[in-house]
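Trainee: Before we begin, could you take me through this model step by step, with the reasoning behind each answer?

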Amino acid sequence: MTEKKTTEAQNRATKKWGDKNKDKQRIYRYRSYARKYVRDIATADDLHELAMMIQTRLDEMKK
């Protein structure tokens with residue numbers, strides 16, 4: 001039988017933080033997806049396209 005490693009108090013605290021920080025959770029999740037895609041899935045063409053998109057976005061942010 002497996003034992004739970006986190007306490008009930010910790011689970012409540014994690015849920016409370018998650019309820020208050022939905023935007024941060026979404027950002028962390030999307031960042032993780034993007035890194036996984038770039039590291040493990042993307043082809044050379046995909047990476048080239050992403051590089052162009054990133055450069056365009058950076059140029060827009062400078063304005």
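Mentor: Let us start with the residue classes: Ala, Val, Leu, Ile, Met, Phe, Trp, Tyr, Cys and Pro count as nonpolar, Asp, Glu, Lys and Arg as charged, and the others, Gly among them, as polar. Please keep in mind that this is a predicted model.

Trainee: With those classes in hand, how many nonpolar, polar and charged residues has the lining of the largest pocket?

Mentor: The residues that line the largest pocket are Ala-34, Tyr-37, Val-38, Leu-47, Leu-50, Ala-51, Met-53, Ile-54, Arg-57, Leu-58 and Met-61, and the space within this pocket comes to about 250 Å³. Arg counts as charged, and sorting the lining by class gives ten nonpolar, no polar and one charged residues.

Trainee: Which helix supplies the largest share of the lining of the largest pocket?

Mentor: Two helices, α2 (22-41) and α3 (44-62), each supply at least two residues of that lining. The largest share amounts to eight residues, and the helix that they come from is α3.

Trainee: Turning to helix packing, how are α1 and α2 oriented to each other?

Mentor: Two packed helices are described by the angle between their axes and the distance between the axes. For α1 and α2 the axes lie 5 Å apart and the packing angle is about 90°. Angles of 65 to 115 degrees count as roughly perpendicular, and the orientation of α1 and α2 is therefore roughly perpendicular.

Trainee: How many charged residues has the contact of α1 with α2?

Mentor: On the side of α1 the contact is made by Trp-17, Gly-18, Asp-19 and Lys-20, and on the side of α2 by Lys-22, Lys-24, Gln-25 and Tyr-28. Sorted by class, this contact has two nonpolar and two polar residues, while the number of charged residues is four.

Trainee: Is Gly-18 buried or exposed?

Mentor: Gly-18 is found in helix α1, which spans residues 8-20, and its C-alpha atom is separated by 28 Å from that of Asp-40, 22 residues apart along the chain. The cut-off for the buried class is under 20% relative accessible area; because the relative accessibility of Gly-18 is 5%, this residue counts as buried.

Trainee: And is Lys-20 buried or exposed?

Mentor: Lys-20 is also found in helix α1, and from C-alpha to C-alpha it lies 20 Å from Thr-7, at a separation of 13 residues in sequence. The exposed class begins over 50%; because Lys-20 has a relative accessibility of 64%, it counts as exposed.

Trainee: What is the relative accessible area of Asp-59, which is partly exposed?

Mentor: Asp-59 has its place in helix α3, and its C-alpha atom is 33 Å from that of Gly-18, the two residues being 41 apart in sequence. The partly exposed class lies between the cut-offs of 20% and 50%, and Asp-59 belongs to it because its relative accessible area is 35%.

Key: Residues numbered from 1 in each chain as written. Predicted model: local features only at pLDDT ≥ 70, side-chain atom pairs only at ≥ 80, totals over all residues. Heavy atoms only, no water. 1 Å grid on protein atoms, 1.4 Å probe; cavity = no way out; pocket = protein on both sides within 12 Å on 5 of 7 lines; lining within 4 Å. Points joined across faces, edges and corners; volume = space filled by probe spheres on them. Helix = DSSP H or I, 4+ residues; strand = E, 2+ residues; numbered from the N terminus. Buried < 20%, exposed > 50% of the residue type's maximum accessible area, 1.4 Å probe, protein only. Axes fitted to C-alpha atoms, helices over the stretch in contact; angles between N-to-C directions. Parallel < 35°, antiparallel > 145°, perpendicular 65-115°, else oblique. Contact = heavy atoms within 4.5 Å.
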